[in-house]
Amino acid sequence: MRLYADTADRSAAEGLLATGLFAGVTTNPTILRRAGSGVDDIPAIYRWATESGAREVFFQAWGEDTETLVERGRELRGLGDEVVVKLVASRAGTAACARLAADGVPTLLTAVYDPGQAMVAAAAGATYIAPYLRRLIAAGRDGHGDVLAMHELLAATGSGTKVLLASIPDVPSMVALARHGVDCFTMAPAIAEQFFADELTAEAVRTFEDAVAGTP
Ligand code: G3P
């Protein structure tokens, strides 16, 4: 199981990485902007994330044509071995993914909405695909069914490409897909906190602590 923090907010990401439960941090330009950062801050984000224990840090290449994306992808990977280069699953992005993957660069194709895109991602040699579950559902599609189809076709064909689920609405959605073998998830910090919010567990903590305090 690999869990990731889908944020560029330093204190939120560091808090999750400090638990030892999160393998890394995923970003995109929107996530950078939400944290008050931009692409110029990518080297600094890479530094604090890896210093906080991230084993993979995902940065998205930007630009509209394959050449630009490949060049930016190489620059991003040049930051260090923990970088995974994200590319949008457009024609240009998928072609750039194939070029970078052929050079041994770990890649993730993002904004994946259709199981057919999982096929071309596998042909490109992508390390991961990131379907957007919440946005699939919001668009009226069968989000869980489509993600499952992606996972199944990759597993059935023996592809090395893995589903890394993104745009996650809640923990039960992850549980439902994990039951079918999906094992990589990137989530907003607020969703991650749901893992630690069970009321009965909180009550058990209080009961055990009270028992310790009451021990003669
Ligand atoms: O990494 C996925 C993210 O950019 C989209 O997530 O929650 O805004 O749909 P969300």
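A polar contact here is a pair of N or O atoms within 3.5 Å, and that cut-off is a handy companion for the close-ups below. Please keep in mind that every view comes from a predicted model.

**View 1. Arg-134 and its partners reach the oxygen atoms of the ligand.** Let us begin with Arg-134, which has a polar side-chain atom 2.7 Å from an oxygen atom of the ligand. Asn-28 offers a polar side-chain atom as well, at 2.8 Å from a ligand oxygen. From Ser-167, a side-chain N or O atom lies 2.6 Å from an oxygen atom of the ligand. The ligand taken alone exposes 310 Å², and the protein buries 85% of that.

**View 2. The ligand has its place in the largest pocket.** Which residues are found around the ligand? They are Asp-6, Asn-28, Arg-34, Tyr-132, Arg-134, Arg-135, Ala-166 and Ser-167. The space that the ligand takes up is the largest pocket, so this is a good view in which to look for Asn-28 and Arg-134 again, each with a polar side-chain atom close to a ligand oxygen, at 2.8 Å and 2.7 Å.**View 3. Ser-167 sits in a loop and is buried.** Follow the chain from strand E7 (162-163) towards helix H9 (171-178), and you will meet Ser-167 in the loop between them. Is Ser-167 buried or exposed? Its relative accessible area is 15%, so Ser-167 counts as buried. A polar atom of the Ser-167 side chain lies 3.4 Å from the backbone nitrogen of Arg-135. Setting aside neighbours within four places in sequence, Ser-167 is in contact with Tyr-132, Leu-133, Arg-134, Arg-135 and Thr-186.

**View 4. Ile-45 is a buried residue of helix H3.** Helix H3 spans residues 42-51 and includes Ile-45. Because its relative accessibility is 3%, Ile-45 counts as buried. Which residues does Ile-45 touch, if those up to four places away in sequence are not counted? Here you can find Ala-8, Leu-32, Ser-37 and Phe-59. Phe-59 is 14 residues from Ile-45 in sequence, and their C-alpha atoms are 9.7 Å apart in space.

**View 5. Thr-107 belongs to strand E5 and is buried.** Strand E5 covers residues 107-112, with Thr-107 among them. The relative accessible area of Thr-107 is 0%, which means that this residue is buried. Apart from neighbours within four places in sequence, Thr-107 is in contact with Val-84, Val-85, Leu-87, Cys-97, Leu-100, Ala-101, Gly-125, Ala-126, Thr-127 and Tyr-128.

Conventions
Residues numbered from 1 in each chain as written. Predicted model: local features only at pLDDT ≥ 70, side-chain atom pairs only at ≥ 80, totals over all residues. Heavy atoms only, no water. Helix = DSSP H or I, 4+ residues; strand = E, 2+ residues; numbered from the N terminus. Buried < 20%, exposed > 50% of the residue type's maximum accessible area, 1.4 Å probe, protein only. Contact = heavy atoms within 4.5 Å. Near = heavy atom within 4 Å. Polar contact = N/O pair within 3.5 Å; in protein donor to acceptor, adjacent residues only side chain to side chain. Areas by Shrake-Rupley, 256 points an atom, 1.4 Å probe, with all protein chains shown as cover. 1 Å grid on protein atoms, 1.4 Å probe; cavity = no way out; pocket = protein on both sides within 12 Å on 5 of 7 lines; lining within 4 Å. Sits in = over half its atoms within 2 Å of the grid points.
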